[in-house]
Amino acid sequence: MRNRSNASLPAVYASSGSGWHRQGAQPGPLEVFELNYLHYHDTLELGLCLSGQGICRIEDAETPFTAGDVQVIFPFQRHLSKSTGGETSRWYWLNLDPEALISCWNPGAAPAVEELLHRQMGLYGILKPSEYPYLAEMITRIIRADAAADPLPEHRTDYLASSLYLLLLELYRVSLPLPKLQLRPGRRFSALRPALNAIDAALSSGEDCSVAGLAQLCGMSEASFRRNFHAGVGQSPGDYIAFCRLRRAQNQLVFTDRSVLEIALSVGFGDPSGLYRCFRSRCGLSPQEYRRMFRT
């Protein structure tokens, strides 16, 4: 049963690359900073809860999860998950591009996959094995096959792609009586993709990026870019970049022992004072207080 929540949270586009992409080579704890923002991908996300319990929010609907539950998040669905009950949940997530993967395996299936994925899906979110045993088994098999070191080494890609195709067909079957999702990005978002990719690359390298340069990548004037960016992403370019920097800094504070200075430089703040101001304004804590709170 989904509970409605009217809380307004910002959303950040999180690039997942192409093909099979693991969120961490090993199953790991649910990242604590996911409490602070919704995020969305241009890929299909499959998940398996290994332990613990919590809440998964997709758009404005919330669903509880526990160990053994699986998750289906379609492209461009804004979502977050958080642990509850005093224990950190552990998940294995897999992000993938079904159209690209299945097209390489069976080019003749590509039109059907596009139709299914973009126009025929209605079931998503947390799926409990007691309610959807076949879907839960299929998703678990795909994730465990991907995580294993050496299953079917000569036929690995065929096995995973064919399993993914069967999963999409089963999701379509179960979705027949349900309202259908609109999973295509808006034209504004598509036009902004070069800028979003450039921001992601710049943040990964600790470099800076100018609004003028981002506008040029998208073939827009700076004023037009600012309008379209806010309409497509929901934040100004400057706020979005600061938010992405904050997310990366939060990750490093909790999961590494790097100093605040090292983290500030690596995520592009330039000096610790900028990081301090961002943390105070958005989290109400200093970086050190944030690290202590989540590590304990």
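This is a short tour of one buried glutamate and several aromatic residues in a predicted model.

**Stop 1: E45**

Select E45. You are in strand β6, which covers residues 44-51. Is E45 buried or exposed? Its relative accessibility is 2%, so E45 counts as buried; the cut-off for buried is under 20%. Now add N95 to the selection. The side chains of E45 and N95 make a polar contact at 3.5 Å.

**Stop 2: F65 and W91**

Turn to the aromatic rings. How many aromatic pairs does the structure hold? There are 5. Select F65 and W91, which form one of them. The arrangement is edge-to-face. Check the ring centres: they are 5.1 Å apart, with 80° between the planes. Next, colour the two strands. F65 sits in strand β8 (residues 61-66) and W91 in strand β11 (residues 90-96), so this pair ties together parts 26 residues apart in sequence. F65 and W91 are both buried.

Keep those two selected and add W93. F65, W91 and W93 form one aromatic cluster.

**Stop 3: F229 and Y240**

Move on to the helices. Select F229 and Y240, another edge-to-face aromatic pair. Here the centres are 5.5 Å apart and the planes meet at 70°. Which helices hold these rings? F229 belongs to helix α7 (residues 222-233) and Y240 to helix α8 (residues 237-255). The pair therefore ties together parts that are 11 residues apart in sequence. Show the surface to finish: F229 and Y240 are both buried.

How values were computed:
Residues numbered from 1 in each chain as written. Heavy atoms only, no water. Helix = DSSP H or I, 4+ residues; strand = E, 2+ residues; numbered from the N terminus. Buried < 20%, exposed > 50% of the residue type's maximum accessible area, 1.4 Å probe, protein only. Polar contact = N/O pair within 3.5 Å; in protein donor to acceptor, adjacent residues only side chain to side chain. Phe/Tyr/Trp six-rings, centres within 6.5 Å; stacked < 30°, edge-to-face > 60°.
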